[in-house]
Amino acid sequence: MSIEVKDVSFFYNKGTSLEKKALDKVSFSIEKGEFILITGEVGSGKSTLIRHLNGLVKPQAGSVKINGLDSTNKKLRSKIGLLMQYPQRQLFGKTVFEDVSFGPSNFGLKGDELKERVNESLILAGLSLDIKDLSPFSLSGGQMRLVALAGVLSMRPEYLVLDEPTSGLDPDNRSSLFSTLKKLHSSGISVIVVSHQVDHFLPFADKVLLLNDGCVDFCGRPEDYLKSVSFPIPDISSLMKELQECGFDVTNNICSVDDAFNEIIRFFKLKEVHENE
């Protein structure tokens, strides 16, 4: 069970004077249950790439296979859940319940089973059941994003793809999102996050994919990413590298504040031992 992207290329306005390269021979794989961070600067091809993963865009060259099937195969529509960057584009129902229930109801779910699926999805997304009868458009931007996520989760996807999911979220909603993603990842769902905010997601990632001008600049483990790449990296990683350059014997391939704290404490304890010898 995996996603296989092989030599995928895509150009906007291909064959015209406005032709623009979006992806150039992109290849990588995602194994079942992995947490993947896709990062890169604006215009690097991140959003175009993830649209290939759920069949919204068909490669002009190369192939995208999901569990051995072409990504445009209709059988895969319930397997790949996509949360867009702007939740307003995914919301349309008169109520939150109508929005979240739309997908499973179209696949035949009804009655108490449908209500249970909606409740389960809202709770998993970190939302209160009290909002079920409200218009999704009456909610805050952060709540709208989480309702859109609940609608995706109601389909129980095997792969969850999120485009800049923390954009516009306040700290509480962001914390709720992180908690949800951890639970989903622990349950065996493959989580694919597109974000330039590597501080938020690098600590969770099994693999990092860095795009630059439509090409893969790096694909591998987070610790190797921090050793190989100078930008973008978390602020805490930059701090650790600066400490190392100033003569502190600390590890610089660190991406969380807790790990940095423990590493600095380790350094000073070791220093104290050496001074007392």
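Good morning. A helix, in this talk, is a DSSP run of H or I with at least four residues, and helices are numbered from the N terminus. The model you have in front of you is predicted.

With that definition, let me start at helix α8, which covers residues 235–245. Which residues of α8 are buried? They are I236, S237, M240, K241 and L243. These five lie on the same side of α8, because they cover an arc of only 160 degrees around the axis. As general background, an α-helix has 3.6 residues a turn, so residues three or four places apart point the same way. D235 and E245, on the other side of α8, are exposed. Just after α8 comes G247, whose phi is positive, at about 105 degrees.

I turn now to the sheets. In general, the strands of a sheet pair through backbone hydrogen bonds, either parallel or antiparallel. One open sheet in this model has four strands, in the order β2-β1-β4-β5, and its pairing is antiparallel. Its edge strands are β2, residues 20–31, and β5, residues 69–70, each of which pairs on one side only. Strand β1, residues 2–12, runs antiparallel to β2, and eight bridges join the two. One residue to find here is Y12, whose bridge partner in β2 is K20. Helix α1, residues 46–53, lies across β1, β2 and β4, and runs at about 125 degrees to β1.

Another open sheet has six strands and mixed pairing, in the order β6-β7-β8-β3-β9-β10. Why do β6 and β10 each have one side without a neighbour in the sheet? The reason is that both stand at the edges, each with a single partner strand. On average, neighbouring strands of this sheet are turned by 15 degrees against each other, direction ignored.

Strand β3, residues 35–39, deserves a closer look. β3 pairs in the parallel sense with β8, residues 190–194, over four bridges. In that pairing, I36 has I192 as its bridge partner. β3 also pairs in the parallel sense with β9, residues 207–212, again over four bridges. Here L37 has V208 as its bridge partner, and T39 stands opposite L210.

Is β3 mostly covered or mostly uncovered? It is mostly covered, with five of its five residues buried. In a regular strand, side chains alternate between the two faces of the sheet. In β3, F35, L37 and T39 point one way and I36 and I38 the other, and all are buried.

Next, the interior. In soluble globular proteins, nonpolar side chains tend to be buried together. The largest nonpolar core of this model has 43 residues, of which L149, L160, L181 and Y225 touch the most other members. Helix α4, residues 141–153, gives the most to this core, with eight residues. Apart from its neighbours within four places in sequence, L149 is in contact with L83, A125, L160, L162, L177 and T180. There is also a second, separate core of 26 residues, and among its members are A22, L53, L76 and Y159. As for placement, α4 lies across β6 and β7, running at about 170 degrees to β6.

A further residue to locate is N173, in helix α5, residues 171–186. N173 counts as buried because its relative accessible area is 14%, and the cut-off for buried is under 20%. Setting aside neighbours within four places in sequence, N173 is in contact with G142, Q143 and L146.

My last topic is the aromatic rings. A pair of such rings is described by the distance of the centres and the angle of the planes. How many aromatic pairs does a search of the whole structure find? It finds six. One of them, F10 with Y12, is edge-to-face, at 5.1 Å centre to centre and 80 degrees between the planes. F10 counts as buried because its relative accessibility is 11%, whereas Y12, at 32%, counts as partly exposed.

F35 and F204 form a tilted pair, at 6.0 Å centre to centre and 55 degrees between the planes. This pair links distant parts of the chain, 169 residues apart: F35 is in strand β3, and F204 is in the loop between α6 and β9. With a relative accessible area of 2%, F35 is buried. Ring pairs also link F35, F178, F201 and F204 into a cluster.

Thank you for your attention.

Methods: Residues are numbered from 1 along each chain as its sequence is written. This is a predicted model: local features need pLDDT of at least 70, side-chain atom pairs count only at pLDDT 80 or more; totals for chains, interfaces and linings use all residues. Side-chain values use heavy atoms; hydrogens and water are left out. Two strands pair if DSSP finds at least two bridges between them. Contact means heavy atoms within 4.5 Å. Axes are lines fitted to C-alpha atoms, for helices over the stretch in contact, and angles run from 0 to 180 degrees between N-to-C directions. Buried means under 20% relative accessible area, exposed over 50%, partly exposed in between (1.4 Å probe, protein chains only). The arc is that of the directions from the helix axis to the C-beta atoms. A nonpolar core is a set of buried Ala, Val, Leu, Ile, Met, Phe, Trp, Tyr and Cys residues joined through side-chain atoms within 4.5 Å. Rings of Phe, Tyr and Trp (its six-membered ring) pair if their centres lie within 6.5 Å; planes under 30 degrees apart count as stacked, over 60 as edge-to-face and the rest as tilted.
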